[in-house]
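Grab a pencil and work through the exercises below with the model open beside you. Try each task before you read its solution.

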Amino acid sequence: MKSKFESRTIAYYLILGLLMLGLGSSDALRGVFAPVFREHFALNTSQLSLIITISYIGNFVFMLLGGRLSDHFGLRRAFCGSLCCWIGAEALYLLTGHYPALLVGVFFAMGTSTLLNMLMNIMSPRLFTVPGAAINILFFIQAIGTTLTQGGIGRLATSFFAWKLVSLGLLLIGVIALLAFARLSSGDAGLSYDRRIREEAAGEISKKVSEEVVSEEAAGEISREVSEEAAGEINKRISGETAGEINKVSGETAGNIHKKERAETGEGIPQKAAGRASERKKPPYPEEKEAPYIMILHRPAFWLFILIFGTYFIGEHGVMNWMNIYCRDGLGMSARDAALIPSLFYGGMMLGRLLFAPVIAKLKIRKALLIFLGSGTGVYILSFVLGQRAFFLLFAAGLGLSVIYPTMTLCIQIYFHRELTTTATGAIMSAGTLFDIAFNAIFGLVIARVGYGMGMMILPLAMCLSLGTYLALLRWGEQVREL
């Protein structure tokens, strides 16, 4: 039995690892082939920026809808459906050669790629005994795909024909991964939709919401009762005593009110007040669709995670999408040397995910994130402040930031109920992607106005904001459980 379980675990590793290799390569292609697109389609800076912007709009849409759909249909169906969309995008790249088709392709390719990453994070505790290490190893493999694409394919990306060849290779990877995963995961209860479990979870969520509502209603009932009793007590005493004794009555009234309140209080709430509040506000039923979103939106961690991911996305994706063309057009570097700079950053990420996966498994997730986000951000900022002569430091920055995205995504599960994690993660990622969309939508205009030198300083500023927001999460975020 144990041998069979280990064989399935290894099989999942191989399938997801192959897919992550393809996803890593796919994610890097926008930046690698940006000069080719500009020449082939005769694009200006704004049109080139539109390609990247559309890809992040795809992220937003798929993350917004994907999390909810996976809760409704189950992880297995959502994963296979997303993978089919990704394969379709690669087929569109291969079979067409027009600018509008490219925009449609990047919308689906990037949107489903990010959704597949998220779903792997959600599935990892159900597939692997040490999910923190497992997901970082998978993202290490993804970084291999990104680094090889930037350092290897980036040197060969001189024609539109090369773009077609790469698309064909990714299409084959997607088809193999889809067939293998569908066969292996068939009948896996941990990845399938279970109506009974969902209803039980919905009932638990509704119970929590109703308890919060009853507490608020009871608090209002207490205030009204105390006010009415105080007024009655004062009137009674004033009518039976002289005006000179009013001050004494006031003191006795305050004492009686305090005693009456304590006498009626069990847990600090009068039972009759709580009962009436409960009667007026019936707890929501499990079938009420708003309950999960109410629970998510009322947690401060939800909004803090959006800021963390949003600003982090600008910092990391800015290197992937703009560093190559910045080095070529802004700094006058050759195509070979320009391809090396972002590959240093993602090479550091690749190595870091391999080296630090065991560290994440041993450390608490929140502590590990503090250490790596703090050190990686410091080196990242230093490399941009010192300029071209310090770009080699991007390798060290990549090392430090290597585990942030997968581990931070896993960290979301600490702050939300188990059955809310997919919906919460999808909502957080989609909202965080709005930062990417806004950044890339205006970045072309910023470059045209202030130049690459000043425009690229947005990236270290964004990383600094991400670190500051994570410190706020540690201070004000309410932890639900530990992984």
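**Exercise 1. Place G315: buried or exposed, and what does G315 touch?**

Step 1. G315 is buried, with a relative accessible area of 0%. Buried is under 20% relative accessible area, exposed is over 50%, and partly exposed is in between, using a 1.4 Å probe and protein chains only.

Step 2. A word on ground rules: this is a predicted model, where local features need pLDDT of at least 70 and side-chain atom pairs count only at pLDDT 80 or more, while totals for chains, interfaces and linings use all residues. Residues are numbered from 1 along each chain as its sequence is written, and side-chain values use heavy atoms, with hydrogens and water left out.

Step 3. Find G315 in helix α12. Helices (H or I, at least four residues) and strands (E, at least two) are DSSP runs, numbered from the N terminus.

Step 4. Leaving aside neighbours within four places in sequence, G315 is in contact with Y380, L459, A462 and M463; contact means heavy atoms within 4.5 Å.

Step 5. Now hop along the chain: M456 is 141 residues from G315, yet their C-alpha atoms are separated by 9.8 Å.

**Exercise 2. Stay in α12 and describe the surroundings of R328.**

Step 1. R328 is also found in helix α12, but R328 is partly exposed, with a relative accessible area of 26%.

Step 2. Skipping residues up to four places away in sequence, R328 touches P35, M333, S334, A335 and A338.

Step 3. Check A339 too: eleven residues along the chain from R328, with 8.9 Å between the two C-alpha atoms.

**Exercise 3. Which helix gives the largest share of the largest nonpolar core?**

Step 1. A nonpolar core is a set of buried Ala, Val, Leu, Ile, Met, Phe, Trp, Tyr and Cys residues joined through side-chain atoms within 4.5 Å. The largest one here has 130 residues, and F33, F37, M120, F305, M323 and Y380 touch the most other members.

Step 2. Helix α12 (residues 300–330) supplies the largest share, 17 residues.

Step 3. Zoom in on F33: apart from residues up to four places away in sequence, F33 touches I153, A157, S159, A162, W163 and V166.

**Exercise 4. Work out how α14 and α16 are arranged.**

Step 1. The axes of α14 (residues 365–386) and α16 (residues 404–411) come within 10 Å and cross at roughly 150 degrees. Axes are lines fitted to C-alpha atoms, for helices over the stretch in contact, and angles run from 0 to 180 degrees between N-to-C directions.

Step 2. That crossing angle makes α14 roughly antiparallel to α16, because angles over 145 degrees count as roughly antiparallel, under 35 as roughly parallel, 65 to 115 as roughly perpendicular and the rest as oblique.

Step 3. List the residues: I365, R366, L369, F372 and L373 of α14 meet I404, T407, M408, L410 and C411 of α16.

**Exercise 5. How many residues of α15 are buried, and what do they pack against?**

Step 1. Helix α15 (residues 394–401) is mostly covered, with six of its eight residues buried.

Step 2. The buried ones are L394, A397, G398, L399, G400 and L401.

Step 3. These pack against α12, α13 (335–362), α14, α16 and α18 (458–476).

**Exercise 6. Zoom out to the whole protein.**

Step 1. There are 18 helices and zero strands.

Step 2. Of the 483 residues, 52% count as buried.
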